[in-house]
Amino acid sequence: MYRTFQEVLEKVKGREVLTISVAVAQDKDVLEAIKLAQEAQLARAVLVGNKAEIIPMLEEIGLSDDILIIDEPDINKAALKAVSLLKKREAQVLMKGLINSSDFLKAVLNSKEGLRTGRLLSHLAAFEVPGQEKLVFHTDGGMNIAPDLEQKKDILINAILALNAMGVEKPNVAVLTANEKVNPKMPATVDAQALVEMWEKGVFPPCVVEGPIALDVAVSSEAALHKGIESKISGKVDLFLMPNIETGNACGKAMVHYAGAKMAGLVLGATNPIVMTSRAETAIGKLNSIALACLAYQKK
Ligand code: COD
């Protein structure tokens with residue numbers, strides 16, 4: 001299991017150099033991440049977006065303008081063009097630029113040009129938290145808004161397969177709720193119990209699933225002991241399944257803004273890995289996401 005994003009970067013360096021199709025590339029942090037990815041010989045890029053805005057940014061950050069730019073000032077058309085490059089096998093990884101997540105995802109899901117596989121697509125976030133021993137993953141704080149039980153099952157399968165591909169053979173999974181007791185008035189606890197039953201029946205790839213489980217018990221074996229909760233995964237969780245997008249999104253942003261975590265984000269379940277971070281994410285955060293996407297692609 002990777003402890004840091006630097007370890008992920010080291011792992012993917014020197015492998016096949018992938019081409020990233022950047023949707024709406026007129027963003028300095030995105031272009032800086034591309035520059036860093038090129039310098040690390042991780043990836044090269046095709047930039048789709050407003051060329052008149054992209055060129056001065058390339059000059060400012062010192063990225064050579066011999067990079068391929070597809071001029072498309074319309075944001076939604078640029079997203080679709082970026083997606084279509086993967087369909088045409090001219091790129092292997094898609095990356096979100098200066099576009100709202102919903103609009104970006106609509107292009108990814110487009111019935112003609114999109115990257116659907118028949119599976120549910122879902123978002124996976126990775127965090128490097130100061131003082132923690134390993135990267136920790138959250139799903140889904142970025143795509144599925146209020147998943148039902150069946151969707152939660154699919155979201156978990158996507159994430160477990162991705163973690164397996166990243167070298168976590170049997171991830172510890174916490175199905176996050178506000179309480180460890182099943183309470184019909186808190187539907188997330190009912191779903192958590194059902195997911196554990198599915199795990200017991202062998203529905204998931206190798207992993208350990210526990211829930212309902214609250215955040216304190218999941219991250220601290222002392223809290224578990226104090227609350228009298230028996231847990232095999234307390235303090236050792238690799239993956240949190242979030243009850244809904246608001247919890248996942250707020251929890252991720254709290255990790256970054258209160259705990260100083262570094263974050264990377266991917267969309268899973270599509271034909272190709274997709275880098276999707278917040279527009280506010282730094283160049284380094286976007287580079288980390290590119291590295292994770294390369295890892296996910298090369299283990300396919
Ligand atoms: N996986 C596969 N297919 C999907 C998915 C999915 N996760 N979601 C929708 N579809 C398919 C449906 O089956 C249907 O065929 C088509 O796409 C349209 O479905 P709608 O109308 O339910 O979906 P949309 O297009 O209105 O919305 C899909 C989004 C992913 C854009 C939407 O769910 C969304 O906006 N999610 C939140 C994004 C966001 O704001 N994230 C937070 C910031 S990071």
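**Close-up views of a predicted model**

**View 1. The shell around the ligand mixes three residue classes.** Eight of the shell residues are nonpolar, five are polar and three are charged. This is a predicted model. In total, 16 residues surround the ligand. The closest are S102, L121, G142, M143 and N144. Glycine is counted as polar here.

**View 2. The ligand and the pocket it fills.** Where does the ligand sit? The space it takes is the largest pocket. Two domains help to build the shell around the ligand. Domain 1 covers residues 5-116 + 270-296, and domain 2 covers 122-262. Each of these domains gives the shell at least three residues.

**View 3. Helices at the ligand.** Which helices each supply at least two residues of the shell? They are α5, residues 101-109, and α10, residues 245-257. Of the contributors, α5 gives the most. Its share is five residues.

**View 4. Polar side chains meet the ligand.** Three side chains are shown here: K106, R116 and N144. Start with K106. An N or O atom in its side chain is 3.2 Å from an oxygen atom of the ligand. Next comes R116, with a polar side-chain atom 3.2 Å from a ligand oxygen. Then look at N144. Here the partner is a nitrogen atom of the ligand, and the distance to a polar side-chain atom is 3.0 Å. These pairs count as polar contacts because their N or O atoms lie within 3.5 Å. How much of the ligand does the protein bury? Taken alone, the ligand exposes 870 Å², and the protein buries 60% of that.

**View 5. A cis peptide bond in a loop.** Find T139 and D140. The peptide bond from T139 to D140 is cis. Its omega is near 5°. D140 lies in the loop between β6, residues 136-139, and α6, residues 149-165.

**View 6. A cis peptide bond before a proline.** G211 and P212 are joined by a cis peptide bond. Omega is about -5° for this bond. Where is P212 found? P212 belongs to strand β8, which spans residues 208-213.

**View 7. A positive phi at Q41.** Q41 is not a glycine, yet its phi is positive, at about 55°. Which elements flank the loop that holds Q41? The loop runs between α2, residues 28-39, and β2, residues 43-49.

Conventions
Residues numbered from 1 in each chain as written. Predicted model: local features only at pLDDT ≥ 70, side-chain atom pairs only at ≥ 80, totals over all residues. Heavy atoms only, no water. Near = heavy atom within 4 Å. Polar contact = N/O pair within 3.5 Å; in protein donor to acceptor, adjacent residues only side chain to side chain. Areas by Shrake-Rupley, 256 points an atom, 1.4 Å probe, with all protein chains shown as cover. 1 Å grid on protein atoms, 1.4 Å probe; cavity = no way out; pocket = protein on both sides within 12 Å on 5 of 7 lines; lining within 4 Å. Sits in = over half its atoms within 2 Å of the grid points. Helix = DSSP H or I, 4+ residues; strand = E, 2+ residues; numbered from the N terminus. Domains from an automatic or database assignment.
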